[in-house]
Amino acid sequence: MASPNSSFTDIVTTTLQGYSGELADNITNHNALLRQIERKGNGNVATGRSIVQELEYAENGTVNWYTGAEALDISGSETFTAAEFAYKQLAGNVVITGLEEIQNSGREAVHNLLKSRIRNLEKSLKNTVATALYADGTGSSGKEFGGLQLLVADTNTNTVGGISGSTYSWWRNYVYDFSTNSVTASATTIQNAMNTAHINVIRGADKPDICVAGQTYYLYYLNSLQVNQRFSDDKGAGAGFTNITFMGNLPVVYDDQCNATRMYMLNTDYLFVRKAKGRWMKPAGDKASVNQDAMVMPMYLAGNMTVSNRERQAVICA
């Protein structure tokens, strides 16, 4: 049954709608990786039955040197394909009981009540989304985002977006595994691992723009530097977050949601957070509880994390 106080319901609905944009911005700004993806314009809207990510996997085979009137190659070139990702859905609710409705009459009182509830919802959504960025897509019975553990995997022959890395070598991220290289991860070995990963994902001017690390590997890199080498990025991808730079301009950002013994070297030109149209931090209308004196206002999020070029991404692990 809908709330008998239509004025109260209207205030709640309007307030939540007003906060939805702020919630979305705050969740983005809470995480350096998500913010960098948004800065690159890769928070694209997704529509349709699934999220389709177009991939450029080969060069145009008709590009050849020629002399005079030599016949030119006009054959077709298969250079594009697409990866397909499922939508993942997340929801949170603002719940107001009938007693609270009685106790909070007037627009100002309702706003004050909602402010605390929305901030709590925001904190929960921030942490859930931040965790999902590093997930492998199997959490919550497969309902969670397919994050970096899937897209930039320790075992790079996995299947991502319906395309097998085992079958197609161009669909594999670079992996520097300390164990495979018979090296013990430490402050004295982390820079060589980073150098090796970096050189393997560069193609001309196309190179990583952010590096995110868990506690152990971040501290290894921090401790490997002399005090006068510890420069931070205060204008680019690392601004506002705990970070130091690598090779002068690549921000290495500490993220407590990242596995302690992982470091990801990423080119976010090819990483996306695809948002379902009309379902990214959008409030729904009020819903009456069937067995409680309460009004429930859901906030929805739907989409997934995708990648269009795995070869330009690297993970350092053990």
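At 14% relative accessibility, Asp209 counts as buried, since the limit for that class is a relative accessible area under 20%. In this predicted model, Asp209 forms a salt bridge with Lys40, and the closest N and O atoms of the two residues are 2.5 Å apart. Lys40 is placed in the loop between helix H2 (32-39) and strand E1 (45-46), and Asp209 in the loop between H7 and E8, so the pair ties together parts of the chain that are 169 residues apart in sequence. Lys40 itself is partly exposed, with a relative accessible area of 33%.

Lys40 also forms a salt bridge with Asp269, for which the closest N and O atoms are 2.8 Å apart. This pair again links distant parts of the chain, as Asp269 lies in the loop between E11 and strand E12 (271-283), 229 residues from Lys40. Asp269 is partly exposed, with a relative accessible area of 38%. Lys40, Asp209 and Asp269 are thus linked in a network of salt bridges.

Across the whole structure, the search finds five salt bridges. Among them is the one in which the side chains of Asp154 and Arg262 meet, with an N to O distance of 2.6 Å. Asp154 belongs to the loop between helix H6 (148-151) and strand E5 (159-160), whereas Arg262 belongs to the loop between E10 and E11; the two are 108 residues apart, and the pair links distant parts of the chain. With a relative accessible area of 31%, Asp154 is partly exposed, while Arg262, at 14% relative accessibility, counts as buried.

The protein as a whole contains eight helices and 15 strands. Of its 318 residues, 48% are buried. Among contacts between residues at least 6 apart in sequence, 73% join residues at least 24 apart.

Strand E11 is covered on both faces: Met263 and Met265 on one side, and Tyr264 and Leu266 on the other, are all buried. In a regular strand, the side chains alternate between the two faces of the sheet. E11 pairs with strand E8 (residues 210-213) in the antiparallel sense over four bridges, and in this pairing Cys211 stands opposite Met265. Three bridges join E11 to E15, and these two strands also run antiparallel. Here Tyr264 of E11 stands opposite Val315 of E15.

Helix H7 (residues 190-200) has as its buried residues Ile190, Ala193, Met194, Ala197 and His198. They cover an arc of only 130° around the axis, which puts them on the same side of H7. An α-helix has 3.6 residues a turn, so residues three or four places apart point the same way. The elements that cover the buried residues of H7 include strand E7 (174-177), helix H8 (215-224), strand E9 (243-246) and strand E10 (250-254). Strand E11 (263-266) and strand E15 (314-317) are also included in this cover.

A charged residue without a salt bridge is found in strand E4 (residues 88-97), which contains Lys88. Lys88 is buried, and the nearest side chain of opposite charge, that of Glu144, is 7.8 Å away. That separation exceeds the limit for a salt bridge, because the nitrogen and the carboxyl oxygen must be within 4 Å of one another. The side chain of Lys88 does, however, reach the backbone oxygen of Glu144 at 2.5 Å. Leaving aside neighbours within four places in sequence, the contacts of Lys88 include Gly137, Gly142, Lys143, Glu144, Phe145 and Gly146. Leu301, Ala302, Gly303 and Asn304 are also in contact with Lys88.

Two serines were noted for their backbone geometry. Most residues other than glycine have a negative phi. Ser141, by contrast, has a phi near 60°, a positive value in a residue other than glycine. Ser141 lies in helix H5 (residues 139-142) and is exposed, with a relative accessible area of 74%. Ser182 likewise has a positive phi, near 55°. Ser182 is located in the loop between E7 and H7, and is exposed, with a relative accessible area of 68%.

Definitions and conventions. Residues numbered from 1 in each chain as written. Predicted model: local features only at pLDDT ≥ 70, side-chain atom pairs only at ≥ 80, totals over all residues. Heavy atoms only, no water. Buried < 20%, exposed > 50% of the residue type's maximum accessible area, 1.4 Å probe, protein only. Arc of directions from axis to C-beta. Contact = heavy atoms within 4.5 Å. Lys, Arg positive; Asp, Glu negative; His and termini not counted. Polar contact = N/O pair within 3.5 Å; in protein donor to acceptor, adjacent residues only side chain to side chain. Pairing = 2+ DSSP bridges.
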